[in-house]
Structures are given as structure tokens and as C-alpha cells.
Amino acid sequence: MTHQSIAAIGSSWLALLAIPTCLFFSNPSPALASEPDQTPLYEWQPQLAPEGPVTIVVRIPQQTAYVYRNGVRIGRSHVSTGRPGYQTPAGVFAILEKQREHYSNLYDDAPMPYMQRLTWNGFALHAGSLPGYPASHGCIRLPYSFAEKLFAITSKGTTVIVSDTTAPAAAAIGDPFRMAPVVGDRAAEWHPERSAVGPVAVILSLSDRELVVLRNSLEIGRAPVAVFANAWRGTHAYVRLPGDSILPSSIVPDRPALKWLEIPLTPDAASANLNVLAESLQVDTGFAAQAYDVLAPGSTLIVTDEPISAGPDTTLILAGTPMP
């Protein structure tokens, strides 16, 4: 697996704000806005978190997108995902490219305003028609004015999490699991100079037995992880919340535990057992401390039983290389 391939995935480490499992549009508040025809409604409150890393969560069953900045939810909206035969893939993505005006090179030059590319083979966020059900060729359509606002606050490397499960997000937690410190049989690598600033993402692959840290979609660290037992199933995303716990971190005991919220990405992920996983992992102590230090609110952690180099039909989607 190359540094270039892993760098395409996305940004951050550990858990998220609670996400409701029902649609919120039936009882709109003054913060909700609408398109000129009064549908669909969306919410946009950027003043709740004026700055910080952005994470976008799309829940396919609910046809809803949520926007977090600095770990605080600032927006949510109806979306329209892929219709039967063109299903939107679940997984973890990074924004690879942005264009205010873009036309599809796959579907008769169809307009895709405020396009934010997630893969090089045609999967993107963009403004489009929202009939109230999945209707796209796989892209995630957004209300036009919502797409414009979202476009203004994202950047290349922004993490987009697409979930295909109805399981609710977990309540805020301290440590999502515990990893006992150990020195592995391969040396950990830490190169923060490769990307000095930008959103952070950490990916723990139990299949690859590796922990990878990305900043601004560039790999800055990698360490082997010893896995003694593996009862984990599926893929979970965690987004770091503002503030620290009063308890010490189980990974870096001389520092406070961080606060996170969990989002299952796949239907089988809901049955994952964090307590079992907690007792089955070991990672280099120094590497854990270095990773801890770069985790700002809004950072993302992905824990999965898939390999990091997964293909297009698996949970973690790699962007691959740009098309000519």
C-alpha cells in the first residue's frame, strides 16, 4: 500500500455529535430555509462554530446530510442519493476537487453546480433536483443554496462520511476503546512536516493491522497495531467533540481523555463490541502520544474490519488516481 493511495481517504480520529434517526423536516424551526419553491428545507447555522475543521455526514436511509464544524453541528439538509441500479456507495471519502461550474462527462453534460468530487470515477456532492427520494446516478444531490453555502466552507481534504445504516449515533463517549502501549515488530513512522496544517483523520484497519494518520489528506504517520482477538464487525466513524473528559486518557494516561461521538457506517457495524476491541489491541506508546497531540475538535477516526486499500465494492473507498 503506497502513501499516495492511503492519502486519498480523508481526515481525522474519534467520535461525533448525536444524529437523530428520524427526519427533522416535519417541524421546522426559524433556522430552517428553503429553495424558491419552498422545498426542500434545510438548516444552516454557521455562527454556532465560526471556524474549525468540517466533517460532512450523509445518511442514505434518511436522505439527510449533516455538517459539523469543529465538532459542532452547523447544518443539515435533505439530499437525493443514487436510485436503484446506481446506489451511492457507503464509506469514508475526502474532497478531491471543487468546481463551482461543472458538467458531467458521463451523463450528457448534465450540470453539476458546486461540485465537490469524492472519487475520480464520477462520485460527487453537487446541487441538483431533490424529488424526495433517491433519484441520482450515484452522486449526492443537495439543495442549490445549501450546496453553495457548503462549498464556501469546505476544502480539499474535508472528510465526507456516507452511512448506509439506520442505526442511531451513539451518545458522546470518552475513549471509544483502549489500546495498551507496546512496541511493534515494525517501527512507527511520524512525518508531520508532510502537511503542517489541515483536517486530521486517523484510520484503524483491523484487517491490515495498521493505524494511519492523515492531515489534509496526506499521510503523516503510520504504526503497526497488534490485534490479539477481533470480534469487531463493520465500520464506525468517530468525530472528536469540543472539550475533554475529567478522566485520564487510556491511551495517553498523562493527558485527559477526549470526547467523541460514534457513527456506524454499515448495517453490521451496529453490532460491533467496543469493550471486546478494547482488550485486544496494542500500539506504540510514542506514536499514540503524537497522534493524540494533533487531534483537534472535528478530527475523525475510522475503525474498520476492511483493509485500507479496499476496492470500490467495500466500505472504505479509495479515490484512486485522476482520470486523464
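A salt bridge, as I use the term today, is a side-chain nitrogen of Lys or Arg within 4 Å of a carboxyl oxygen of Asp or Glu. With that in place, I can start from a small network of such bridges, which links Glu-210, Glu-219 and Arg-222.

Before going further, a word on the basis of all this. What you see is a predicted model, in which local features need pLDDT of at least 70 and side-chain atom pairs count only at pLDDT 80 or more, while totals for chains, interfaces and linings use all residues. Residues are numbered from 1 along each chain as its sequence is written, and side-chain values use heavy atoms, with hydrogens and water left out.

Back to the network, then. The side chain of Arg-222 meets that of Glu-210 in a salt bridge at 2.7 Å, N to O, and this pair links distant parts of the chain, with Arg-222 in strand β16 and Glu-210 in strand β15, twelve residues apart. Arg-222 also forms a salt bridge with Glu-219, again 2.7 Å from N to O. Are these residues buried or exposed? Taking buried as under 20% relative accessible area, exposed as over 50% and partly exposed as in between, with a 1.4 Å probe and protein chains only, both Arg-222 and Glu-210 are buried; the value for Arg-222 is 10%, and Glu-219 is buried too, at 4%.

Let me step back to the whole protein. Helices (DSSP runs of H or I, at least four residues) and strands (runs of E, at least two) are numbered from the N terminus, and on that basis the protein has four helices and 20 strands. Of its 324 residues, 54% count as buried. The accessible surface, from the Shrake-Rupley method with a 1.4 Å probe, comes to about 13,400 Å², and 54% of that belongs to carbon and sulfur atoms. If we call it a contact when heavy atoms lie within 4.5 Å, then among contacts with a separation of 6 or more, 71% are between residues 24 or more positions apart.

Next, the cores. A nonpolar core here is a set of buried Ala, Val, Leu, Ile, Met, Phe, Trp, Tyr and Cys residues joined through side-chain atoms within 4.5 Å. The largest has 28 residues, and those with the most contacts inside it include Leu-204, Val-225 and Phe-287. Several elements supply at least two residues each, among them β14 (200–205), β15 (210–215), β16 (218–227) and β20 (300–304), but helix α4 gives the most, with five residues. Leaving aside neighbours within four places in sequence, Val-225 is in contact with Leu-204, Arg-209, Glu-210, Leu-211, Leu-281, Gln-282 and Val-283, and one of these, Glu-210, belongs to the salt-bridge network I began with. Apart from this core lies another, of 26 residues, among them Trp-44, Ile-56, Ile-95 and Phe-151.

I turn now to an open sheet of four strands, in the order β7-β8-β9-β10 and with mixed pairing, where two strands pair if DSSP finds at least two bridges between them. Because β7 (97–99) and β10 (140–142) stand at the edges with a single partner strand each, one side of each is left without a neighbour in the sheet. The twist averages 15° from one strand to the next. Strands β7 and β8 (115–117) run antiparallel and are joined by three bridges, with Met-115 as the bridge partner of Gln-99. What do the side chains of Glu-97 and Arg-117 form? They meet in a salt bridge, 2.7 Å from N to O, and since Glu-97 lies in β7 and Arg-117 in β8, the pair ties together parts that are 20 residues apart in sequence. Glu-97 is partly exposed at 22% relative accessible area, whereas Arg-117 is buried at 10%. Helix α2 (144–153) lies across all four strands, running at about 105° to β10; axes here are lines fitted to C-alpha atoms, for helices over the stretch in contact, and angles run from 0 to 180 degrees between N-to-C directions.

Two last places to look at. In strand β6 (91–94) both faces are covered, with Gly-91 and Phe-93 buried on one side and Val-92 and Ala-94 buried on the other; four bridges join β6 to the antiparallel strand β11 (159–163), in which Ile-161 stands opposite Val-92. Finally, Ala-49 sits in the loop between β2 (41–44) and β3 (54–59) and is buried at 5% relative accessibility. Its C-alpha atom is separated by 6.3 Å from that of Val-72, 23 residues away along the chain.
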